[in-house]
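Open the model in your viewer and keep the selection tool at hand. This tour goes stop by stop.

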Amino acid sequence: MGYDYIRPASLEQALSLAAQGESALIAGGTDLLVALHKKKRPAPGRLISIRSLPELAGIRDEGARLRIGAAVPLADLLAHPAQARLPALAKALGVMGSRQIRNVATLGGTLCNASPGADAAPPLLALGAGVELAGPAGRRTLDLAEFFRGPGRTALQPGEIMTAVLVPWPGAGTQSHFLRRSRVAMDIATVSLAACFGLTNNRLSGVRLAAGAVAPVPLRLRATETFLEGKALTDETLAEAAKLARADVAPISDLRGTAWYRRELVGVFLARALRAGNGGKP
Amino acid sequence: MKTTLHLKLNGRDAALEVAPHARLLDVLRDVAGLTGAKEGCGEGECGACTVLVDGRAVNSCLFPALEAEGRSVVTIEGLAGAQGGLSSLQQAFVQEGGAQCGFCTPGMVMSAAALLSANRDPSDDEIRDALVGNLCRCTGYAQIVASIRAAAGKAGAP
């Protein structure tokens, strides 16, 4: 080890440092520092801390959407009044790590870390969130579904920094649910699923589904969404949707669960989430 | 190559010479001589290294020392009163048997201090939730929860 640690004062400075290469970005550091100390990844020449950059701070209601600074700690987001309008996201944030972790781990960090089981990802995907990236060539925004490229891999180009997560406010009558299975507290999810939808006269609308820990990336369940759109919520619909959802995912077997179990659970969670829309137990 | 870190440490201004990549835990123990915070797992699971940074509980093993620049850091040593006596929270741990081998205790107490400063009257569930990131290998959780419950009702806690 023995890397340098630099704390730039502005995003501009951080971008110019990042462009010089041989460095890694660090925000809360709760994943990166463990990897470095346990030598699971080679130490970079230096760490560029983006934790306190003013451009990455703050939570702002922009009218049609909520803008969450990429360096906002999970605990700050969890304590923000906006959470009342984003219950699925709040539920996911609440089970991420411990208090100590949530006090420093950032929303941008957990997304850039691109773990297939990142708990914040399915609710954000189901909410239709985007991410704002700044780089040498300027700023761009990307649908979060386009951001994840593989385990630990994202659409971030060299020298790019995630600056914000953009969450469109759910429309009136939209409900959102988050379901998750893990072995113990503070464990990574075995399976997680988030669902956003409207339900009027037992008809589904605006269905958006996303699952975590069941594929190389957290992903939208597109075929299942298409099938459910406009359907009546019946046992037959649920059974068919569960079948489609199981086909939408590509889980592996590991110490937390087998691929078979994960597939089963995706179907079960989907049915529970949709039934919850009708006042059923989630 | 060392850098000078300026912070408020247990209420006093401090300037410490630290390596740029140093962890707050190592600086507290090896530079400041405050050995209350312990290293258990070194990866943010056990909470034995818990300290308060600007009043919030953090794992000092995952906290870059330089990020404490200009901030207030409170360790278990800083909880004691001006005369060096135990705080009411620490006293409650003594009275309720909230410590067995003692290794996790400083971290438990700091997590409890953060909880009680935000919530004067937590339920048992809230206490347990606040301790999710603190492991006791002696498994003395019942007494730890009882200690915090006992301290919650008292004036002056934590």
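What follows is a list of selections and what each one shows.

**Before you start**

This is a predicted model: local features need pLDDT of at least 70, side-chain atom pairs count only at pLDDT 80 or more, and totals for chains, interfaces and linings use all residues. Residues are numbered from 1 along each chain as its sequence is written, chains are lettered from A and ligands numbered from 1 in the order in which they are written, and side-chain values use heavy atoms, with hydrogens and water left out.

**Stop 1: the parallel sheet of chain A**

Select β1 (4-6) and β2 (23-26) of chain A, the edge strands, each pairing on one side only. Add strand β3, residues 46-49 of chain A. Together they form an open sheet of 3 strands, ordered β1-β3-β2, with parallel pairing. Helices (H or I, at least four residues) and strands (E, at least two) are DSSP runs numbered from the N terminus; two strands pair if DSSP finds at least two bridges between them. Neighbouring strands here are turned by 25° against each other on average, direction ignored. β1(A) and β3(A) pair over 3 bridges. Zoom in on A:D4, which stands opposite A:R46 in β3(A). Now show helix α1, residues 11-19 of chain A, which packs on the sheet and touches β1, β2 and β3 of chain A. Its direction makes about 160° with that of β3(A). Contact means heavy atoms within 4.5 Å. Axes are lines fitted to C-alpha atoms, for helices over the stretch in contact, and angles run from 0 to 180 degrees between N-to-C directions.

**Stop 2: a hairpin**

Select strands β6 (130-135) and β7 (138-143) of chain A; they run antiparallel and are joined by 6 bridges. The hairpin connection from β6(A) to β7(A) takes 2 residues. A:E132 has A:T141 in β7(A) as its bridge partner.

**Stop 3: the antiparallel sheet of chain A**

Which order do the 4 strands of this open sheet have? The order is β11-β12-β13-β14 in chain A, with antiparallel pairing. Colour β11 (174-181) and β14 (219-220) of chain A as the edge strands. β13(A), residues 203-212, pairs with β14(A) over 2 bridges. There, A:A211 stands opposite A:L219. Next show helix α11(A), residues 259-276, which packs on the sheet and touches β11, β12 (191-200) and β13 of chain A. The direction of α11(A) makes about 30° with that of β12(A).

**Stop 4: two helix pairs**

Keep α11(A) and add helix α10(A), residues 235-248: the axes come within 8 Å and cross at roughly 140°. The crossing is right-handed, meaning that the near helix is turned clockwise from the far one by less than a right angle. Among the contact residues are A:L238 and A:A242 of α10(A), and A:V266 and A:L270 of α11(A). This contact holds 9 nonpolar, 1 polar and 5 charged residues. Ala, Val, Leu, Ile, Met, Phe, Trp, Tyr, Cys and Pro count as nonpolar, Asp, Glu, Lys and Arg as charged, and the others, Gly among them, as polar.

Move to chain B. Helices α3(B), residues 105-118, and α5(B), residues 141-152, have axes that come within 11 Å and cross at roughly 40°. Their crossing is right-handed. B:M108, B:A112, B:L115 and B:L116 of α3(B) meet B:Y141, B:I144, B:I148, B:A151 and B:A152 of α5(B). The contact has 9 nonpolar, no polar and no charged residues.

**Stop 5: the largest cavity**

The whole structure has 3 cavities of 30 Å³ or more. On a 1 Å grid over the protein atoms alone, a cavity is a set of points where a 1.4 Å probe fits but cannot get out; a pocket is an open set with protein on both sides within 12 Å along at least five of seven lines; lining residues have an atom within 4 Å of a point. Grid points are joined across faces, edges and corners, and a volume is the space filled by probe spheres set on the points. The largest cavity holds about 50 Å³. Its lining includes B:C101, B:F103, B:C136 and B:I144. By class, the lining has 7 nonpolar, 5 polar and no charged residues.

**Stop 6: the second largest pocket**

Finish with A:R51, A:P73, A:N103, B:R56 and B:R71, which lie nearest the centre of the second largest pocket among its 21 lining residues. The space in this pocket is about 360 Å³. Its lining divides into 11 nonpolar, 4 polar and 6 charged residues.
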